[in-house]
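This briefing concerns the overall form of one protein, the packing of its helices and the surroundings of its ligand. Please keep the sequence and the structure in view while reading.

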Amino acid sequence: MKRPGSRTVVTGGAGFIGSHLVELLLRRGDEVIVIDDLSTGSMRNLSAIADHPRLHVVVGSVTDPVAVCQATRGADRIFHLAAAVGVNLIVDSPLSSLRTNIHGTEAVLDAALETGAEVLLASTSEIYGKNTADRLSEDADRILGSPLLSRWSYAAAKGIDEAFAHAYWNQLGLQVTIVRLFNTCGPRQTGRYGMVVPRLVSQALRGEALTVFGDGRQTRCFSYVGDVVPAMVDLLECRQTRGLAFNLGGAQEISILDLAQLVIDVTGSPSSIVLVPYEEAYSAGYEDMRRRVPDNRRSEAMVGYVPHTPLAEMIGRVADSIAGVAADPFPAPVKLLETQVP
Ligand SMILES: NC(=O)c1ccc[n+]([C@@H]2O[C@H](COP(=O)([O-])OP(=O)(O)OC[C@H]3O[C@@H](n4cnc5c(N)ncnc54)[C@H](O)[C@@H]3O)[C@@H](O)[C@H]2O)c1
């Protein structure tokens with residue numbers, strides 16, 4: 001529940017989604033404390049608000065319970081976004097990724113319990129694994145490969161995070177809400193760790209061939225950070241969401257091959273498209289999901305979430321961001337609780 005001038009902690013607040021969330025919370029009048037180890041995030045993501053008097057940044061790890069306790073002391077609410085994210089990072093560093101994504105979450109939930117803060121846990125559509133159902137509802141089964149393949153450790157860890165969060169709510173009364181983000185894109189996202197949209201856009205802007213893995217017929221639904229972030233705040237501010245998970249995904253299903261073509265069209269790039277076998281892009285035995293389509297009806301019913309930004313527009317904004325053009329992801333009037341826009 002929103003209180004005027006909430007003291008809000010954002011773990012991973014120097015990351016792609018976290019930095020947009022921090023901006024929105026400051027606009028809404030919150031005092032915001034970021035805790036981030038700057039492993040995949042960067043202070044550059046916060047440069048537009050670096051001098052804001054209600055922003056405090058703690059450089060530290062969520063795996064350090066002392067740092068987490070200090071950062072969250074007196075907090076009303078915590079958005080827990082810090083995580084090892086991206087297929088490349090997970091496959092290359094499975095151990096530290098597991099530690100961050102499991103021990104870090106446990107430290108944050110413990111600290112929230114201690115301080116009495118509400119928590120929003122950022123989970124992922126990856127937890128559905130290879131389930132290719134037409135519309136993945138929050139109750140859909142999870143179909144994962146072997147736990148010995150590091151490719152699945154992100155989904156496994158986020159699944160454990162959700163189970164932890166649910167148990168903290170169920171047994172200890174922690175006020176926690178879970179969101180399952182599908183492929184989210186927008187300004188400031190980096191392609192360095194395997195995120196497909198900024199990777200393809202960067203290749204197009206450089207005039208290089210766009211590399212599409214596998215046969216390119218795997219499909220995804222991309223959502224825009226400017227649509228998703230306000231819904232995350234709305235969901236945490238709604239008490240009926242406690243102990244539940246909510247999908248937040250995009251509306252348009254598209255194959256990665258068609259996505260690459262759309263990137264070329266939007267950027268006006270002379271680039272071509274090449275298919276790269278998964279074994280070359282990752283390692284032997286890598287498995288991808290053929291399809292991932294969200295059922296957003298629970299989020300829509302609870303807080304009116306409707307992803308409205310068209311994919312071509314998202315690509316254009318990602319291209320602007322990579323080219324160094326500053327972009328406001330919330331150009332439409334956001335529901336400001338206070339008019340205190342910095
Ligand atoms: N972007 C997507 O498409 C997507 C999809 C599903 C779920 N998510 C979830 O959303 C959240 C944010 O992801 P993002 O896309 O902004 O990625 P990101 O990599 O930009 O953000 C993650 C942030 O966490 C920080 N971090 C990593 N390990 C940390 C640690 N041990 N201690 C403190 N900070 C740490 C990083 O430095 C970074 O700033 C993550 O929890 C991710 O699992 C994202």
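At what angle do helix α6 (residues 196-206) and helix α8 (residues 256-267) pack? In this predicted model, α6 and α8 pack at an angle of about 45°, and their axes lie 10 Å apart. The points below take up this pair, two further helix pairs, the ligand shell and the overall dimensions.

**Overall form**

- The secondary structure of the protein consists of 11 helices and 13 strands.
- For 342 residues, a compact globule would be expected to have a radius of gyration near 20 Å; the value for the protein is 19 Å, which agrees.
- Taken along the principal axes, the box filled by the C-alpha atoms is roughly 55 × 45 × 35 Å.

**Helix α6 with helix α8**

- With an angle of about 45° between them, α6 and α8 are therefore oblique to each other.
- The two helices, α6 and α8, cross in a right-handed sense.
- On the α6 side, the contact is made by Val196, Leu200, Val201, Ala204 and Leu205; on the α8 side, Ile256, Leu259, Ala260, Val263, Ile264 and Thr267 take part.
- By class, the contact of α6 with α8 comprises 10 nonpolar residues, one polar residue and no charged residue.

**Helix α6 with helix α11**

- α6 also packs with helix α11 (residues 311-322), at an angle of about 65° and with the axes 10 Å apart.
- The crossing of α6 and α11 is right-handed.
- From α6, the residues Val197, Pro198, Val201, Ser202 and Leu205 meet Ile315, Val318, Ala319 and Ile322 of α11.
- Eight nonpolar residues, one polar residue and no charged residue form the contact of α6 with α11.
- Val201 and Leu205 of α6 appear in the contact with α8 and also in the contact with α11.

**Helix α2 with helix α4**

- Helix α2 (residues 65-72) and α4 pack at an angle of about 40°, and their axes are 9 Å apart.
- That angle makes α2 oblique to α4.
- The crossing in which α2 passes α4 is right-handed.
- Pro65, Val68, Cys69 and Thr72 of α2 meet a set of α4 residues: Ala107, Val108, Asp110, Ala111, Ala112, Glu114 and Thr115.
- In the contact of α2 with α4, seven residues are nonpolar, two are polar and two are charged.

**Ligand shell**

- There are 29 residues around the ligand, and those that come nearest are Gly12, Gly15, Thr40, Gly41 and Ala83.
- Two or more residues of the shell come from each of α1 (16-27), β2 (31-36), α4 (94-115) and β5 (118-124).
- The element that gives the most to the shell around the ligand is α1, with three residues.
- Sorted by class, the shell around the ligand holds 13 nonpolar, 14 polar and two charged residues.
- Helix α4 thus has a place in two of these topics: α4 gives residues to the ligand shell, and α4 packs with α2.

Notes:
Residues are numbered from 1 along each chain as its sequence is written. This is a predicted model: local features need pLDDT of at least 70, side-chain atom pairs count only at pLDDT 80 or more; totals for chains, interfaces and linings use all residues. A residue is near a molecule or strand if its C-beta atom, placed from the backbone, lies within 6 Å of it. Helices (H or I, at least four residues) and strands (E, at least two) are DSSP runs, numbered from the N terminus. Ala, Val, Leu, Ile, Met, Phe, Trp, Tyr, Cys and Pro count as nonpolar, Asp, Glu, Lys and Arg as charged, and the others, Gly among them, as polar. Axes are lines fitted to C-alpha atoms, for helices over the stretch in contact, and angles run from 0 to 180 degrees between N-to-C directions. Angles under 35 degrees count as roughly parallel, over 145 as roughly antiparallel, 65 to 115 as roughly perpendicular and the rest as oblique. A crossing is left-handed if the near helix is turned anticlockwise from the far one by less than a right angle, and right-handed if clockwise. Two residues are in contact if their C-beta atoms, placed from the backbone, lie within 7 Å. The radius of gyration is taken over C-alpha atoms; the globule rule is 2.2 Å times the number of residues to the power 0.38.
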